[in-house]
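Morning, everyone. I'd like to take a few minutes to walk you through one structure, so have a look at it while I talk.

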Amino acid sequence: RVWSAGCATGEEPYSIAMLAALAGARLEVHATDVVPQVVERARAGRYAELALRAVEPALRARFFVPDGDAHAVAPGLRARVSFGVHNLCEPPPSPGGWDAIVCRNVLFHCEPEAARSVVARLCSALAPGGRLVLGAADALLAPPPSRAPRPRPAPRPSSSPPPLRATRPRRPSRPPAASGLAHLNEGNDRARARDHDGALTAYAN
């Protein structure tokens with residue numbers, strides 16, 4: 001016996017029934033949800049083409065029949081699943097004896113304390129050796145512990161001067177590259193200096 005708790009529109013319990021049929025196992029699947037309208041949709045077992053996009057064609061032909069612009073669960077598969085309205089905060093629909101309870105991605109909607117109470121209630125409804133299957137999102141049943149902020153160092157008194165830091169002397173900046181006109185003027189200055197020195201030498205002799 002398998003209980004699909006929080007079955008929504010029925011994809012999960014029908015999938016479980018499909019796996020049991022493929023394995024040749026006789027399995028009783030009971031599915032519940034808290035919203036009556038949702039349970040009725042699940043019981044109808046009618047799904048659009050988009051909902052079956054991941055179902056292999058062979059499985060679709062075996063377990064579904066065309067129904068207008070949608071697909072309906074085949075009568076043989078539908079007979080394997082029963083539905084009912086149930087609130088997980090209330091006692092289980094059966095006092096015990098479930099070989100497996102599947103409650104995936106439901107408990108994260110609850111407060112942590114309520115989620116833990118639901119888990120304890122579901123475990124009490126399991127048969128000896130039974131299994132409770134939760135979703136990845138339901139593993140976080142309690143918020144993570146808050147991290148204490150790191151202590152900040154006390155501010156230095158205003159009277160004490162700030163510590164000195166060694167600084168490296170700056171290298172003198174290189175002058176920008178001279179333009180061609182600057183080079184020409186520099187050459188003219190050197191030529192005039194040589195002429196002036198030559199004239200002084202000749203006059204001295």
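I'll go from the sheet to the helices, then the cores, and finish with the salt bridges.

Before anything else, keep in mind that this is a predicted model.

Okay, the sheet. It's an open one with five strands, in the order β6-β2-β1-β7-β8, and the pairing is parallel. The edges are β6 and β8, the latter covering 126–134, and each of those pairs on one side only. Go from a strand to its neighbour and you turn by 20 degrees on average, ignoring direction. If you want one pairing to look at, take β1, residues 2–5, which runs parallel to β7 and is joined to it by three bridges. Val2, for instance, has Ala100 in β7 as its bridge partner.

Now put helices on that. α2 lies across β2 and β6, and its direction is at about 170 degrees to β6. Then there's α5, residues 112–124, lying across β1, β7 and β8, at about 145 degrees to β8.

So what holds the inside together in terms of nonpolar residues? As general background, nonpolar side chains in soluble globular proteins tend to be buried together. Here the largest nonpolar core has 21 residues, and the ones with the most contacts inside it are Tyr14, Phe64, Leu77, Val81 and Phe83. Two or more residues each come from α1, β2, α2, β6 and β7. The largest share is from α1, with five residues.

Click on Tyr14 if you can. Leaving out residues up to four places away in sequence, Tyr14 touches Ala42, Arg43, Gly45, Tyr47, Val73, Leu77, Arg78, Val81 and Phe83. There's also another core, apart from that one, with 14 residues, among them Ile101, Val106, Val118 and Leu122.

Let me stay with Val118 for a second. It's found in helix α5. Is Val118 buried or exposed? Buried, because its relative accessible area is 2%, against a cut-off of under 20%. With residues up to four places away left out, Val118 touches Leu88 and Leu107. Leu88 is 30 residues from Val118 along the chain, yet their C-alpha atoms are separated by 6.4 Å.

Back to α1. With 13 residues at 1.5 Å a residue, α1 should span 18 Å, and its end C-alpha atoms are indeed 18 Å apart. Right after α1 comes Gly24, with a positive phi near 70 degrees. The buried residues of α1 include Tyr14, Ile16 and Met18, but also Glu12.

That Glu12 brings me to the salt bridges. The whole structure has seven of them. Glu12 forms one with Arg104, with the closest N and O atoms 3.5 Å apart. Those two are 92 residues apart, with Glu12 in α1 and Arg104 in the loop between β7 and α5. Glu12 is buried at 16% relative accessible area, while Arg104 is partly exposed at 41%.

Next pair: Asp67 and Arg46, with closest N and O atoms 3.0 Å apart. Asp67 sits in β4 and Arg46 in β3, so this pair ties together parts 21 residues apart in sequence.

Third one: Arg60 and Glu49 meet at 2.7 Å, N to O. Arg60 is in helix α3, and Glu49 is in the loop between β3 and α3. Arg60 is buried, at 18%, and Glu49 is partly exposed, at 42%. Finally, salt bridges with shared partners join Arg46, Asp67 and Asp69 into one network.

That's my tour, thanks.

Definitions and conventions. Residues are numbered from 1 along each chain as its sequence is written. This is a predicted model: local features need pLDDT of at least 70, side-chain atom pairs count only at pLDDT 80 or more; totals for chains, interfaces and linings use all residues. Side-chain values use heavy atoms; hydrogens and water are left out. A nonpolar core is a set of buried Ala, Val, Leu, Ile, Met, Phe, Trp, Tyr and Cys residues joined through side-chain atoms within 4.5 Å. Buried means under 20% relative accessible area, exposed over 50%, partly exposed in between (1.4 Å probe, protein chains only). Helices (H or I, at least four residues) and strands (E, at least two) are DSSP runs, numbered from the N terminus. Contact means heavy atoms within 4.5 Å. Two strands pair if DSSP finds at least two bridges between them. Axes are lines fitted to C-alpha atoms, for helices over the stretch in contact, and angles run from 0 to 180 degrees between N-to-C directions. The expected span of a helix is 1.5 Å times one less than its number of residues. A salt bridge is a side-chain nitrogen of Lys or Arg within 4 Å of a carboxyl oxygen of Asp or Glu.
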